[in-house]
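Reader: I have a model open and want to go through its aromatic rings. Can you take me through them?

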Amino acid sequence: MAAQDTARLRELILYVAEQSECDPRFGKPKLFKILFYADFLCYRKTGRPLTGEQYLKEPLGPVPAGADSALQALVKEGSLALSRREYHGRPQQRPLALRDPDLSAFTGPEIALVSDVIRELWDQNASEVSRISHDFIGWQAASMGEAIPYETMFVSDRPLTGAEYQRGAELEAACHPMK
């Protein structure tokens, strides 16, 4: 991953941790899902992800490939702490921002998108956000440990409408007029 993308990932981690400070359900798994949805939704809207990070299919849902090293680097430099506590009888590793994120590399709409994802998932715990991510067709299509292609944001398993079938037939006829 390029240094600029690594910096964007690190600053986005700090932003999400800062914005989620009052969310008792916030921990590493929820951080990873927020980053995943923000990156993939940005890709769907703009054709490029926020961080460029690869997301791997893991049992609890998509995980950014470089997240653990980014977290360790942030902890080492004193920008982030990882608090360990119990949440409903289960261990929780909670990222805590120790400095304000530098958002200068992001646009207003990009940060608004991340804020929307945080708000949308606010009432969900780690198990719930993991379950939701398992419904994503990209996660379903990937093998365990494999990268989830950003392009899967454009894939759907919903039934086609009559108009879509018709348009497909028109395209087929235009591309293969001899059939």
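Author: Start with the term. Rings of Phe, Tyr and Trp pair if their centres lie within 6.5 Å. The model here is predicted.

Reader: How many aromatic pairs does a search of the whole structure find?

Author: The search covers the whole structure. Its count of aromatic pairs is 10.

Reader: What kind of pair do Phe36 and Phe136 form?

Author: Their ring centres are 5.5 Å apart. The planes meet at 70°, and planes over 60 degrees apart count as edge-to-face. The Phe36 and Phe136 pair is therefore edge-to-face.

Reader: How many residues apart in sequence are the parts that this pair ties together?

Author: Phe36 belongs to helix H2, residues 28-46. Phe136 sits in the loop between helix H5 (126-134) and helix H6 (137-141). So the pair ties together parts whose separation in sequence is 100 residues.

Reader: Is Tyr55 buried or exposed?

Author: The relative accessible area of Tyr55 is 0%. Buried means under 20%. Tyr55 is therefore buried.

Reader: Which ring pairs with Tyr55?

Author: The partner's ring centre is 5.8 Å from that of Tyr55. The planes stand at 75°, so this pair is edge-to-face. Tyr55 lies in strand E1 (residues 55-58), and its partner in helix H2. That partner is Phe40.

Reader: Which residue lies over the face of Trp139?

Author: A charge sits over a ring if NZ of Lys or CZ of Arg is within 6 Å of the ring centre and within 35 degrees of the ring normal. Here the distance from the ring centre is 4.2 Å. The residue over Trp139 is Lys57.

Terms used. Residues are numbered from 1 along each chain as its sequence is written. This is a predicted model: local features need pLDDT of at least 70, side-chain atom pairs count only at pLDDT 80 or more; totals for chains, interfaces and linings use all residues. Side-chain values use heavy atoms; hydrogens and water are left out. Rings of Phe, Tyr and Trp (its six-membered ring) pair if their centres lie within 6.5 Å; planes under 30 degrees apart count as stacked, over 60 as edge-to-face and the rest as tilted. Helices (H or I, at least four residues) and strands (E, at least two) are DSSP runs, numbered from the N terminus. Buried means under 20% relative accessible area, exposed over 50%, partly exposed in between (1.4 Å probe, protein chains only).
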